[in-house]
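Got the viewer open and a selection tool ready? Here is a walk through the fold, one stop at a time.

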Amino acid sequence: FEENYSSVSFDTFFNSLNLFLVKSYTNSTKVKFHIDIDGDADIKFFFKKKGKSVELEAEKLSDGDFYIDISKLENCGILYPIITWDLNKPKINDFYYETNCESKPISTCVLITTFNRQEFLLPNLEKLLKVENLSHVVVVDNGNNLVLPKHLINEKITVIKNKNLGGSGGFTRGLMEAYKNKYSHVFIMDDDITLIPEVIEKTISLVSSLKDDCKDYWVGYSMLPNDKPTIQYELGTYWNGYRMDINRHNINLLKEKSFEKNQ
């Protein structure tokens with residue numbers, strides 16, 4: 001925070017809760033907002049749609065825990081807090097949103113096809129090992145030269161040596177392995193990304209809580225360039241009959257309209 005600020009709004013792509021996802025694909029009716037904050041501050045909650053905000057009633061159960069009823073809110077919009085303080089600015093250590101939807105038991109597998117990208121792959125494997133609810137990681141090595149260091153030799157990681165059949169051939173081989181081991185969900189991942197493990201944790205949470213009529217849906221990820229982490233390069237691609245087209249390309253996630261474009 002800057003010295004002259006007395007409040008901060010979390011109505012951003014990275015800090016708000018997208019109610020379109022929560023209400024369209026789960027049975028959630030309430031949201032718990034938890035914040036770990038040092039210092040005194042006033043916290044209010046708002047619902048925003050197309051630039052218009054409405055303050056919401058929140059039930060405070062204890063220090064740092066608030067419940068908001070979302071059952072009567074529209075699907076397309078965001079939920080976010082505004083935090084205000086009088087004198088000394090508080091220190092925000094952590095905060096998160098939690099919904100009250102029922103979750104079902106699932107088994108999840110991350111599938112990576114790689115070809116000589118160890119500088120990205122190995123740090124990502126370290127992060128994946130720390131994701132508690134992730135069942136397994138399958139790495140299909142099209143380069144046939146991957147050697148895992150000792151600290152990554154783990155029963156949670158399987159490396160499959162494969163001919164250099166490209167991404168489609170590698171992912172097909174990995175899907176065969178996942179099918180053989182009866183994993184309920186497979187997350188396909190590039191080998192040259194900088195992984196934020198919370199993405200996997202949130203995806204597992206989402207797919208385990210899907211409504212019955214959505215349980216077989218595919219989940220798409222956004223791609224953000226390392227050198228421009230606030231610009232969405234794509235939200236998936238699709239085949240238009242002639243070529244692959246990029247979906248929702250070059251969206252500035254700092255702008256409010258990015259919410260609507262991503263729904």
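Buried, on this tour, means a relative accessible area under 20%. Keep in mind too that this is a predicted model.

**Stop 1: helix H3**

Select residues 166–180. That is helix H3, 15 residues reaching 22 Å from its first C-alpha to its last, close to the 21 Å expected at 1.5 Å a residue. Now show side chains: which residues of H3 are buried? They are Gly-169, Gly-170, Phe-171, Gly-174, Glu-177 and Ala-178. To see part of what covers them, add strands S10 (108–114), S11 (136–141), S12 (157–161) and S13 (185–189). Before moving on, step just past the end of H3 to Lys-182, which takes a positive phi of about 60°.

**Stop 2: the sheet under the helix**

Keep those strands on screen and hide the rest. They make an open sheet of four strands in the order S12-S11-S10-S13, with parallel pairing. S12 and S13 are the edge strands, each pairing on one side only. Look along the sheet and you'll find neighbouring strands turned by 20° against each other on average, direction ignored.

Zoom in on S10 and S13, which run parallel and are joined by five bridges. Pick Ile-112 and look across: opposite it in S13 stands Met-189. Bring H3 back and you can see it packing on the sheet, where it touches S10, S11, S12 and S13, its direction at about 150° to that of S10. Helix H4 packs on the sheet as well, touching S10 and S13, and its direction makes about 150° with that of S13.

**Stop 3: helix H4**

Select residues 197–207 for H4, then highlight its buried residues: Ile-200, Thr-203, Ile-204 and Val-207. Why do these residues line one face of the helix? Turn the view to look down the axis of H4: the buried residues fall within an arc of 100°, so one face is what they line. As for what they pack against, show S10, helix H2 (118–129) and S13.

**Stop 4: strand S8 and its partners**

Jump to residues 78–84, strand S8. Five of its seven residues are buried, so S8 is largely enclosed by the rest of the structure. Now add its partners:

- Strand S1 (residues 7–9) runs antiparallel to S8, with three bridges joining the two. Click Ser-9 and its bridge partner in S8, Ile-82.
- Strand S2 (residues 17–18) is also antiparallel to S8, joined by two bridges. Here Asn-18 stands opposite Ile-78.
- Strand S4 (residues 42–49) pairs with S8 in the antiparallel sense over seven bridges. Look for Lys-48, which stands opposite Ile-78.

So the strand residue Ile-78 is worth a label, as it faces both Asn-18 and Lys-48.

**Stop 5: aromatic rings**

Stay with S4 and S8 for a moment, and colour the aromatic rings. Across the model, the count comes to 10 aromatic pairs. Start with Phe-33 and Phe-95: the ring centres are 5.6 Å apart and the planes sit at 35°, so this pair is tilted. Phe-33 belongs to strand S3 (residues 30–38) and Phe-95 to strand S9 (residues 91–99), so the pair links distant parts of the chain, 62 residues apart. Phe-33 is buried, with a relative accessible area of 1%.

Next, go to Phe-46 and Tyr-80. Is this pair stacked or tilted? With centres 5.8 Å apart and planes at 20°, it is stacked. Phe-46 lies in S4 and Tyr-80 in S8, so the pair ties together parts 34 residues apart in sequence. Both residues are buried: Phe-46 has a relative accessible area of 14%, and Tyr-80 has 3%.

To finish this stop, select Phe-10, Phe-33, Phe-45, Phe-66, Phe-95 and Tyr-97 together, as they form one aromatic cluster.

**Stop 6: Leu-19**

Last pick: Leu-19, in helix H1 (residues 19–25). Leu-19 is buried, with a relative accessible area of 0%. Draw a distance from its C-alpha to that of Cys-76 and you get 6.3 Å, although the two are 57 residues apart in sequence. Then show what Leu-19 contacts beyond its neighbours within four places in sequence; among these residues are Phe-47, Ile-70, Leu-73, Gly-77 and Leu-79. Ile-78, from the S8 stop, is in contact with Leu-19 too.

How values were computed: Residues are numbered from 1 along each chain as its sequence is written. This is a predicted model: local features need pLDDT of at least 70, side-chain atom pairs count only at pLDDT 80 or more; totals for chains, interfaces and linings use all residues. Side-chain values use heavy atoms; hydrogens and water are left out. The expected span of a helix is 1.5 Å times one less than its number of residues. Buried means under 20% relative accessible area, exposed over 50%, partly exposed in between (1.4 Å probe, protein chains only). Contact means heavy atoms within 4.5 Å. Two strands pair if DSSP finds at least two bridges between them. The arc is that of the directions from the helix axis to the C-beta atoms. Rings of Phe, Tyr and Trp (its six-membered ring) pair if their centres lie within 6.5 Å; planes under 30 degrees apart count as stacked, over 60 as edge-to-face and the rest as tilted. Axes are lines fitted to C-alpha atoms, for helices over the stretch in contact, and angles run from 0 to 180 degrees between N-to-C directions.
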